[in-house]
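Biologist: I'd like to learn how to read a model like this one, feature by feature. Could you walk me through it?

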Amino acid sequence: MTPQRREAFADLVFAGLVIGAAMILFIGAADLPPPRFEPMGSAAVPKILGTIMVLLALAIGGRAILKLRVLPTDAQIVQMVPFWRGGAVIVSLVLYVAALDFGRVPFVLATTIFITAAGMIMGKISPKSAGLFAVLGICVSTLIYFVFTHFLFIQIG
Amino acid sequence: MIDAFILLFQWQNLAFLVVGTGLGIVVGAIPGLTGSMLIALTLPLTFHMDPVSAVTLLIGEYVGAISGGLITAILLRMPGTPASIVTTFDGYPMAQSDRAERAIALGIFASVVGGVISWMFLAGMSPSLAKFALQFGPWEYFTLVMMALVMLAVLAQGSLLKGLLAAALGMAFALPGIDSSIGQARLTFGSSTMLSGFGLLPVLIGAFAISQVLRDASGTNSIDRIDVPKKRLPVYASDIRVHGPNMLRSSIIGTWIGLLPGIGANIAALVSYSTAKQFSKEPEKFGTGHEPGVVAGETANNASIGGALIPLITMGIPGSVTEAILIGALTIHNLQPGPLLFQNAPEVAYGIIAAYLVANIIMLVMMWGAVRWIAKVVQIPRSVLLSVILVFCVVGSYAVNSSFADVWVMIAFGVIGLGLEAVKVPLGPFVIGFVLSPIAEEQLRASLMMSDGNVAEILGRPYALMFLALSILTVAWPYIATRMSNRIKKEA
């Protein structure tokens, strides 16, 4: 698939998602009461925005379909950018926040583990690197915890 | 006024101003932490301080936070504050093309010039300017907000359709929560967590910082290293000639927009940027690392503080969350902001004005001297920097309401931001749409209430009509310009 065709496909998918989001606006607005004390009411802006989103999405989707018809369908291989690091960082971030939120893991411990994991995912996976990130994690988490609890009076976690 | 300066230069007041400005710069430079949060968190510490020391500390934080945002906006494309979003448009491309020093130097210089020019308005013309802005009604505010959104969508890189859709999407995400006009839940689908809607800070951190970190982590960003300023920050005498008109225009725009409640420094920067682009002989260079882009945004966002302080101290009208917190600071010292402040506590009223000017000078000295140290964050390996930034993002989002719901919102918007950029939908209009949606809706509803639902009333509002015409012209201008250019080419 050529980059242009891939982009046109992405636009088409995006247009579909936006229309889906607009539908959610319409469904949510349908439950709202009619205006009582003022001319517009709560439902007007969601409906107006939903309509604008559908129209713009249709324009983008229509343009993408036209492009797909015109663009050549030769099987040129496009080098895909590896996304495993980004994906792994998202997973580690979700686990970190879940540990703080649901697991009630102490902030310093959770943050040290998170910085070590995220640092190694984005950098180099080696024992030396793990040690350096662990030290960094302890320093950063302790400092943040101290400042937030002693100066800003915010208890994290 | 001279007495206010003498009072300000007492060692404890000056020390508070230096500490406040320094804290503001650091917090402003850290994505996820904002000046309003810093000021809100510092507020309890000012209870036992005298009023002048308290306001100098808070004004220093305000000025520092708005200015500090430019550092990370330029070096990392992560605006430390919403006011620096526009600075990323040209500052980051400049840094990518080995002109980070120049971008930072121009940003600092422009910030100070904007601050000093708006101080002149604040000190000299505040009553008349505030009176002028007070002529604006809901129609004017609504059309001004829409003009700002349209301008942002048009000036965003790439497709106009995608820019407009990004703005509409951002506005849509701001709708869930309690409808403040009638106090009823809207688009919450029965969730009690959704009653407060999506918080601005988690959305901003998610869309800009988290998506940037994830993009960098996945290796889609080819820039691994940015040169930290090694040499002196280059500012030349010729810059006054080259950028002077842009600075003056942006200062006036920033001050004027700062006067209008609810608009804010980000819109001031945005409108100035767009105006500079319209006036430029090389508009196509904007967004690619063009110096006037950095100058316009940074001049206006600092100038907007001076503008915002005018209605604050002369009428007690807050222009933003930060000004609302400043009003709270005065109130806890039994001071009522407004015209009587100049009679009842002139040392505080003039102290605010004096502190604003001196804070700008302190900001210049501190940022000029310390920017290399702050900028050294980019020399730290990306993996170290990004993992620490992620922790700051989590902590910053959590600290707003001490709620993990905000942290989950931040992560969700990080993924949404990454997805939007993957399909080349600009994030600027998305976030600004999110910020402006409540203001636009509130003003539109107020307008229609005042006119009994008669839209034609806008025809009798010259300023609203002007904003509307400018919006239409902004959308139509690229097509008109292309047609005119084609016609000229044909005739030639």
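Biologist: How many salt bridges does the structure hold over all chains?

Modeller: The general idea comes before the count: side chains of opposite charge can pair when their charged atoms come close. A salt bridge here is a side-chain nitrogen of Lys or Arg within 4 Å of a carboxyl oxygen of Asp or Glu. By that rule the structure holds nine over all chains.

Biologist: And what should I know about the model and its numbering?

Modeller: This is a predicted model, where local features need pLDDT of at least 70 and side-chain atom pairs count only at pLDDT 80 or more, while totals for chains, interfaces and linings use all residues. Residues are numbered from 1 along each chain as its sequence is written, chains are lettered from A and ligands numbered from 1 in the order in which they are written, and side-chain values use heavy atoms, with hydrogens and water left out.

Biologist: What is the secondary structure of each chain?

Modeller: Helices (H or I, at least four residues) and strands (E, at least two) are DSSP runs, numbered from the N terminus. Chain A has five helices and zero strands, so to speak an α-α-α-α-α pattern along the sequence. Chain B has 20 helices and two strands.

Biologist: How do I read burial, and what share of each chain counts as buried?

Modeller: Buried means under 20% relative accessible area, exposed over 50%, and partly exposed in between (1.4 Å probe, protein chains only). In chain A, 41% of the 157 residues count as buried; in chain B, buried residues make up 61% of 492.

Biologist: Now the interface. How many residues does each chain put into the contact?

Modeller: Contact means heavy atoms within 4.5 Å. Chain B gives 55 residues and chain A gives 63. For area, think of the accessible area (1.4 Å probe) that two parts lose on being put together, summed over both. Chains A and B bury about 5,000 Å² between them, with 83% of it on carbon and sulfur atoms. On the chain B side, Leu165(B), Phe404(B) and Trp408(B) lose the most area to chain A, together 12% of what that side buries.

Biologist: What about polar links across that interface, how many are there?

Modeller: A polar contact is a pair of N or O atoms within 3.5 Å; within protein, one must be able to donate a hydrogen and the other to accept it, and residues adjacent in sequence count only if both atoms are side-chain atoms. The rule finds six residue pairs in polar contact between chain B and chain A, both residues at pLDDT 80 or more. The salt bridges between the two chains number three. As for where the chain B side comes from, helix 17 of chain B supplies the largest share, 12 residues.

Biologist: Which residue does Glu7(A) form a salt bridge with?

Modeller: Lys424(B), with the closest N and O atoms 3.1 Å apart. Glu7(A) lies in helix 1 of chain A and Lys424(B) in the loop between helix 18 and helix 19 of chain B, so the pair joins two chains. Glu7(A) counts as partly exposed, at 31% relative accessibility.

Biologist: Where does Glu38(A) lie, and is it buried or exposed?

Modeller: Glu38(A) lies in the loop between helix 1 (3-30) and helix 2 (44-70) of chain A, and it is buried at 9% relative accessible area. Its side chain has a polar atom 3.0 Å from the backbone nitrogen of Gly41(A). Across the interface, Glu38(A) forms a salt bridge with Arg445(B), closest N and O atoms 2.7 Å apart. Setting aside neighbours within four places in sequence, Glu38(A) is in contact with Ile182(B), Arg445(B) and Met449(B).

Biologist: Which other salt bridges does Arg445(B) form?

Modeller: Among them is one with Asp179(B), at 2.9 Å between the closest N and O atoms. That pair links distant parts of the chain: Asp179(B) is in strand 1 (residues 177-179) and Arg445(B) in helix 19 of chain B, 266 residues apart. Another goes to Glu441(B), also with a closest N to O distance of 2.9 Å. Arg445(B) and Glu441(B) both lie in helix 19, four residues apart, about one turn of the helix. Arg445(B) is buried at 2% relative accessibility, and Glu441(B) is buried at 8%. Salt bridges that share partners join Glu38(A), Asp179(B), Arg186(B), Glu441(B) and Arg445(B) into one network.
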